[in-house]
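User: I would like a close look at a single part of this protein, set against the whole. Please take one helix and what follows it in the chain, and explain how buried that part is.

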Amino acid sequence: MKIFIALMLFATLAIAGDNDKLHTPKSFSANGRKAVFADFTEATYHINYDIASKKASVKAEIKLETSEAGFPIFDSVVAPTSVSFDGATVTTIETKTPNNETTLRLINKLAQAGVHTLTVEVPLTSLVEFSTDGVKSAFWTSDLDERKFLERYMPANFEFDQVKMTFLVKFIGAKNKQIIYTNGNVTEVETNSFKITYPNYYTASSIFFHAVPQGATTEQRFTLKSIDGREIPAVVYFTKSSWSASLDKLKAKTTEVFHELESDYGAFPHPSITVLQAGMGGMEYCGATMTDFSALGHELFHSYFARGVMPANGNAGWVDEALASWRDDGYQSLSTLSGSSGMSSHAYYTRTTDKAAYSFGERFMSYLDGKLQSKGGLKPFMRHMVDKKVFSPFFVEEFIKEMSDFYGVSLEADFKKYTYGSGNDFSQNLKAKSHIHRKMTIEEMQNFL
Ligand SMILES: [Zn+2]
């Protein structure tokens with residue numbers, strides 16, 4: 001039995017690594033240097049909040065693997081204060097990809113293909129607020145803008161990469177107890193010093209993290225009985241900005257959506273549920289969301305599609321938004337579709353999601369559902385994706401092939417026509433429901449800490 005489990009674990013890990021390698025972006029030339037993407041295998045983040053000096057910092061220790069010689073790529077929006085590579089101090093260069101799709105950082109050292117270690121230190125200043133009570137800090141993300149996943153706060157890789165991540169969090173000199181809401185496994189090592197381990201399949205867009213001094217939030221904890229027998233721990237909460245909201249209502253809605261999704265798509269893919277009601281619109285994480293009440297269903301749906309069945313890049317990002325919007329409007333069917341979009345065909349290194357996903361993308365899903373009506377529509381395929389592809393980041397081309405294989409009919413021509421077009425259907429995009437993921441500035445988010 002033990003041997004069997006060990007073999008199973010080994011097989012799962014091996015597959016996760018293979019999937020990373022299959023989705024690693026191609027190398028490119030930058031200022032005469034060959035920039036190569038790496039597969040991060042492990043990352044430990046030492047996150048220190050010094051209450052007395054009101055300063056926070058992160059030291060990331062990353063094990064990575066490159067498959068060709070070149071200058072390894074990572075990303076951090078904040079300029080590092082110290083970087084070492086394989087034990088030697090190095091500098092980094094901020095550069096753009098060939099078509100200016102995105103910005104990233106290169107380690108300014110030619111490295112042979114193989115396993116390397118990278119240590120990067122950065123100050124942590126975004127969404128950090130010190131007070132006499134302690135510190136509030138969050139790593140909230142967005143997929144509508146550039147470089148707004150984990151790299152917004154600390155060194156990370158592109159979204160394709162699944163990394164075994166550990167946070168070692170210290171609140172130095174805090175006189176009150178600090179509380180952490182997160183979708184990982186938290187252990188308090190000593191007073192106000194925490195070790196958080198996250199599942200191996202997490203990427204730069206997976207982690208929900210919100211730390212507050214005790215008393216800054218109000219919460220309700222309960223469990224949800226999954227169809228697979230698990231009692232899934234859940235917490236719903238809000239901060240003082242939403243003091244008038246109702247925890248009972250939030251719990252009831254979370255419970256209702258949880259059962260709806262389990263009945264449509266099978267057992268909830270994550271080991272816990274965290275819901276913060278705050279702000280306008282919402283954002284999804286693995287088994288977690290920060291959302292306003294009206295977007296709660298949309299965001300929890302993303303625990304299946306987006307943070308369960310995961311996009312490997314920006315051109316695959318529209319799929320889950322189109323599906324979520326399709327659910328929001330009650331899974332409508334269409335027999336014809338006019339217009340087109342370029343949701344699948346943005347320049348190669350694009351990291352963001354095309355906002356047409358919320359409008360034209362939704363109608364494209366309605367159209368596919370109509371077209372596949374005699375085969376049961378689109379929902380059986382979605383359930384199949386959760387069964388077969390959960391936690392395996394995909395390219396849109398793989399999604400198309402999987403769907404074509406599932407129904408025994410090629411859908412390539414439809415995707416080509418409607419999602420690889422050159423022009424966007426702008427009149428329709430005006431109705432885009434991107435208010436669901438309404439862009440909040442850091443200043444706006446600061447109010448919800
Ligand atoms: Zn969404």
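Analyst: What follows looks at helix H4 and the loop after it, with the whole protein as background and one further loop residue at the end.

The model is a predicted one, and its secondary structure comes to ten helices and 22 strands. A compact globule of 449 residues would have a radius of gyration near 22 Å, and the protein has 22 Å, so the two agree. Along the principal axes, the C-alpha atoms fill a box of roughly 65 × 60 × 55 Å. Of the 449 residues, 56% are buried, and, among contacts between residues at least 6 apart in sequence, 73% join residues at least 24 apart.

Against that background, helix H4 covers residues 317–328, and because its twelve residues at 1.5 Å each should span 16 Å, the 17 Å between its end C-alpha atoms agrees with expectation. Eleven of these twelve residues are buried, so H4 is largely enclosed by the rest of the structure. The buried residues include the tryptophans Trp318 and Trp326, and also Asp320, Glu321 and Arg327. Gly317, Val319, Ala322, Leu323, Ala324 and Ser325 complete the buried set. As a general point, an α-helix has 3.6 residues a turn, so residues three or four places apart point the same way.

Just after H4, Gly330 takes a positive phi of about 80°. Further along, in the loop between H4 and helix H5 (360–371), lies Thr352. Buried means under 20% relative accessible area, and Thr352 therefore counts as buried at 19% relative accessibility. Leaving out residues up to four places away in sequence, Thr352 touches Asp143, Leu144, Asp145 and Glu146, as well as Gly314.

For a second loop residue, consider Phe37, which is found between strand S2 (33–36) and strand S3 (39–50). Phe37 has 5% relative accessibility and therefore counts as buried. When neighbours within four places in sequence are set aside, Phe37 is in contact with Thr24, Pro25, Lys26 and Phe28, and also with Thr66, Ile73, Leu104, Phe158 and Tyr349. The C-alpha atoms of Phe37 and Glu68 are 9.1 Å apart in space, while the two residues are 31 apart in sequence.

To return to the part you asked about, H4 has eleven of its twelve residues buried, and Thr352, in the loop between H4 and H5, is buried as well.

How values were computed:
Residues are numbered from 1 along each chain as its sequence is written. This is a predicted model: local features need pLDDT of at least 70, side-chain atom pairs count only at pLDDT 80 or more; totals for chains, interfaces and linings use all residues. Side-chain values use heavy atoms; hydrogens and water are left out. Helices (H or I, at least four residues) and strands (E, at least two) are DSSP runs, numbered from the N terminus. The radius of gyration is taken over C-alpha atoms; the globule rule is 2.2 Å times the number of residues to the power 0.38. Buried means under 20% relative accessible area, exposed over 50%, partly exposed in between (1.4 Å probe, protein chains only). Contact means heavy atoms within 4.5 Å. The expected span of a helix is 1.5 Å times one less than its number of residues.
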